[in-house]
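Got the viewer open? Let's take a walk through this chain, one selection at a time.

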Amino acid sequence: MTLMLLDSASLWYRAYYGMPSTMVAPDGTPVNAIRGYLDMTAKLIGRYKPNRLVACIEGDWRPSWRVELFPEYKANRVDANGESEDEPDTLAPQIPILLDVIDAFGITVIGVDDYEADDVMASFAVQEPGPVRIVTGDRDLFQMVDDERDVAVVYLAKGLSQHDLVDREWVANRYQIPGDRYGLFAMLRGDPSDGLPGVRGIGEKGAALIANHFADVDALIAGAHAQHPSLTAALIKKILAGRDYLAIAPTLVQCAIDISLPQVSLTLPQRPKDMSAIYALKEEYALGTSIDRLIAALGW
């Protein structure tokens, strides 16, 4: 009973940049992101054969509780009006249409107020039984991989055709750290794309060294005070200088796993008795074979 969690924004951004901009509806509305999203979803269903499926969306891309903790969180992406600078002008009009199409197929869409899609996926990954496959291009979800519960990340950084299936062994081989310590590694290293500085002076190499000797922030701080032999004098100085950041980093960087999720059906949708809504959207927006591929993937 595999649960597949789609990081919808990650998919539609990849679709938007990966599909020709010449794909338009009869009225000129761009549909490249819509068609790419549907094609990827169909391929993912065909590849992983999930029994449960959720399209996860942002409730808030800058949750208030993260911004209160650290005002610089994603501030590098905010325009003069306080909106995200990341969304291209020709992508924005496609998203409501795409959500209409997903709804017509009966695929469950979930976003939770004041939480990011990452938090929604992480909470599902913890609260629902495995196997779980988290589909994303975001490394942040590596912290959720769990071999015992069969939670893995379908990582799309190299595209769907060359994607990686990330488990703890993959994390260990890629970063040379214990596979269950990506969260600590990420806190220390930081992430400029999210405006997260990490601990000043500690890059990927230093973060990996630390993650190999300490399981969490509390153990690290205690080790620095005790002058643990794995830590150089320079590292100890940096860690202690970064104590204020490290105090908030677990809440700031780690995905929320305790969201109160809506109690809705997650099962793969069954063919509706009336397909007219789907066919009407197919015709109106010239979605052609993309609609057909998803219908086939769902076994309708």
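Start by selecting strand S1, residues 3-7. This is a predicted model, and in it 5 of the 5 residues of S1 are buried, so the strand is largely enclosed by the rest of the structure. Colour its two sides separately if you can. Leu3, Leu5 and Asp7 sit on one side, Met4 and Leu6 sit on the other, and all of them are buried, so to speak covering both faces. As a rule, side chains in a regular strand alternate between the two faces of the sheet.

Now bring in what S1 pairs with. Which strand pairs with S1 over 5 bridges? That is S2, residues 52-56, and the pairing is parallel. Pick out Asp7 and look across to Cys56, its bridge partner in S2. Do likewise with Met4, whose partner in S2 is Leu53. Then add S4, residues 132-136: S1 and S4 run parallel and are joined by 4 bridges. For a spot to zoom in on, take Leu5, which has Ile134 as its bridge partner in S4.

Stay with S2 for a moment. Here, too, 5 of the 5 residues are buried, leaving the strand mostly covered. Arg52, Val54 and Cys56 are on one side, with Leu53 and Ala55 on the other, and both faces are covered. S2 also pairs with S3, residues 108-110, in the parallel sense over 3 bridges. You met Cys56 a moment ago; in S3 its bridge partner is Ile110.

Next, click on Thr108, which lies in S3. Is Thr108 buried or exposed? Its relative accessibility is 15%, so it counts as buried, the cut-off for that being under 20%. Show the side chain and follow it to the backbone oxygen of Ser265, which it reaches at 2.7 Å. Leaving out neighbours within four places in sequence, Thr108 is in contact with Leu53, Val54 and Ala55, and also with Val264, Ser265 and Leu266.

Go back towards the start of the chain and select helix H1, residues 8-18. Its buried residues are Ser8, Ala9, Ser10, Leu11, Trp12, Ala15 and Tyr16. What do the buried residues of H1 pack against? Show S1, S2 and S4 along with helices H2 (32-48) and H4 (94-105), and you have the answer.

Time to look at the nonpolar cores. In soluble globular proteins, nonpolar side chains tend to be buried together. The largest nonpolar core in this model has 60 residues. Select Leu5, Phe124, Ile134, Leu188, Ile210, Leu231 and Ile239, the residues with the most contacts inside that core. A second, separate core has 43 residues, with Met4, Leu53, Val135 and Val154 among them. Give the two cores their own colours. Leu5 belongs to the largest core, while Met4 belongs to the second one.

For a close-up of the largest core, centre the view on Leu231. Setting aside residues up to four places away in sequence, Leu231 touches Ile210, Phe214, Leu220, Gly223, Ala224, Ile236 and Ile239.

Now for a residue at the surface. Select Gln176, in the loop between helix H6 (168-175) and helix H7 (182-189). Gln176 has a relative accessible area of 55%, so it is exposed, the cut-off being over 50%. A polar atom of its side chain lies 2.8 Å from the backbone oxygen of Asn173. Beyond neighbours within four places in sequence, Gln176 is in contact with Val171, Ala208 and Asn212. You can also draw a distance from its C-alpha atom to that of Gly242: the two residues are 66 apart along the chain, and the separation is 23 Å.

Finally, zoom out and show the whole chain, with its 13 helices and 6 strands. Its radius of gyration is 21 Å, close to the 19 Å that the globule rule gives for 300 residues, so the chain is as compact as a globular protein of that length. Turn it around to see the extent of the C-alpha trace, about 70 × 45 × 35 Å along its principal axes. Buried residues make up 49% of the 300. Of the contacts between residues at least 6 apart in sequence, 65% join residues at least 24 apart. Switch on the surface to end the tour: the accessible area is about 14,000 Å², with 50% of it belonging to carbon and sulfur atoms.

Technical notes. Residues numbered from 1 in each chain as written. Predicted model: local features only at pLDDT ≥ 70, side-chain atom pairs only at ≥ 80, totals over all residues. Heavy atoms only, no water. Helix = DSSP H or I, 4+ residues; strand = E, 2+ residues; numbered from the N terminus. Buried < 20%, exposed > 50% of the residue type's maximum accessible area, 1.4 Å probe, protein only. Contact = heavy atoms within 4.5 Å. Polar contact = N/O pair within 3.5 Å; in protein donor to acceptor, adjacent residues only side chain to side chain. Pairing = 2+ DSSP bridges. Core = buried A, V, L, I, M, F, W, Y, C linked by side-chain atoms within 4.5 Å. Rg over C-alpha atoms; globule rule 2.2 N^0.38 Å. Areas by Shrake-Rupley, 256 points an atom, 1.4 Å probe, with all protein chains shown as cover.
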